[in-house]
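Thanks for coming. I will take you through one structure this morning, a few features at a time.

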Amino acid sequence: MLKRANFFALSLFLVIVLANDFIKSSDISQMQKQYGDNARRRLVALNSLMVSLKDASEQEKLKKVNDFFNSFRWADDMQVWGVKDYWATRMEFVGKGAGDCEDYVIAKYFTLKQLGVPTSKLYFTYVKALRYNQAHMVLSYYETPKSIPLVLDNINGQIKIATQRNDLLPVYSFNGDSLFLAKQEGLGQIVPGGNKKQNPKWIELADRMKKEGL
């Protein structure tokens, strides 16, 4: 009777754990097959993190997700993919364990979205990194539409409000719904034509993300 009770207890535990998973076991198996065991461990770690953040505050989700992906290695697209400009999906980024600024932002955006953070608060923001004199991308979080956004960045791992990031010059922001000229004090002015005309890479990325279930 004790063994049977233990069996049913274990079965119930597994059902609960699997029900709470954010990433399917089949995706984890595919990750190992395609990218190897280190990639599988990264994906398992991501799933564990997301499960632990299920009922966390938005601020905690921002910090933990930002820290998790910032632990990945920076590398340009030529090193990772052999092309000049490739926007990797979250699964591809986790698989390689390396990527450039767009890949960090994509992974953070879709992870926070899956954790229930409204996409109306999350914007991809193109900036000029003044210290390096080059184009860069960060993830901006607006608590309210008129809030000064928080900046999630792989160059500076500390989440700060935009007005504290004097090393960044905003250019424009967008999410899956609209495209905006970036202003530190608010969402800014909408760009005529919307993101479908302005951001073909976003549209192509979104299609690939849908195939991954996001």
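**The pocket, a helix pair and one strand residue**

I will start with the pocket. Helices α5, at 77-80, and α7, at 101-114, together with strand β4, at 134-141, each put at least two residues into the lining of the largest pocket. Before going further, please keep in mind that this is a predicted model.

Which of these elements gives the most to the lining? That is β4, with 3 residues. The lining of the largest pocket comes to 15 residues. W74, D100, C101, Q134 and H136 are the ones that lie nearest the centre of the pocket. The volume of this pocket is about 270 Å³. As for chemistry, the lining has 6 nonpolar and 6 charged residues, with 3 polar ones making up the rest.

Now let me step back to the chain. There are 9 helices and 8 strands in it. Of its 214 residues, 42% are buried. Take the contacts between residues at least 6 apart in sequence: 54% of them join residues at least 24 apart.

Next, a pair of helices. α3 covers residues 37-52 and α4 covers residues 58-70. How do they pack? The angle is about 170 degrees, and the axes are 11 Å apart. An angle over 145 degrees counts as roughly antiparallel, so α3 and α4 are roughly antiparallel to each other. On the α3 side, the residues in the contact are R42, A45, L46 and L49. On the α4 side, they are K64, V65, F68 and F69. By class, this contact has 6 nonpolar residues and 2 charged ones, and no polar residues.

My last stop is a single residue, I161. It belongs to strand β6, which runs over residues 160-161. Is I161 buried or exposed? Neither label fits: its relative accessibility is 29%. Buried would need a value under 20%, and exposed a value over 50%, so I161 counts as partly exposed.

Which residues does I161 touch, leaving aside those up to four places away in sequence? They are I148, P149 and L150. For L150, which is 11 residues from I161 along the chain, the C-alpha atoms of the two are separated by 4.2 Å.

To recap, the largest pocket takes 3 lining residues from β4, α3 and α4 pack at about 170 degrees, and I161 in β6 touches I148, P149 and L150. That is what I have for today.

Key:
Residues are numbered from 1 along each chain as its sequence is written. This is a predicted model: local features need pLDDT of at least 70, side-chain atom pairs count only at pLDDT 80 or more; totals for chains, interfaces and linings use all residues. Side-chain values use heavy atoms; hydrogens and water are left out. On a 1 Å grid over the protein atoms alone, a cavity is a set of points where a 1.4 Å probe fits but cannot get out, and a pocket is an open set with protein on both sides within 12 Å along at least five of seven lines; lining residues have an atom within 4 Å of a point. Grid points are joined across faces, edges and corners, and a volume is the space filled by probe spheres set on the points. Helices (H or I, at least four residues) and strands (E, at least two) are DSSP runs, numbered from the N terminus. Ala, Val, Leu, Ile, Met, Phe, Trp, Tyr, Cys and Pro count as nonpolar, Asp, Glu, Lys and Arg as charged, and the others, Gly among them, as polar. Axes are lines fitted to C-alpha atoms, for helices over the stretch in contact, and angles run from 0 to 180 degrees between N-to-C directions. Angles under 35 degrees count as roughly parallel, over 145 as roughly antiparallel, 65 to 115 as roughly perpendicular and the rest as oblique. Contact means heavy atoms within 4.5 Å. Buried means under 20% relative accessible area, exposed over 50%, partly exposed in between (1.4 Å probe, protein chains only).
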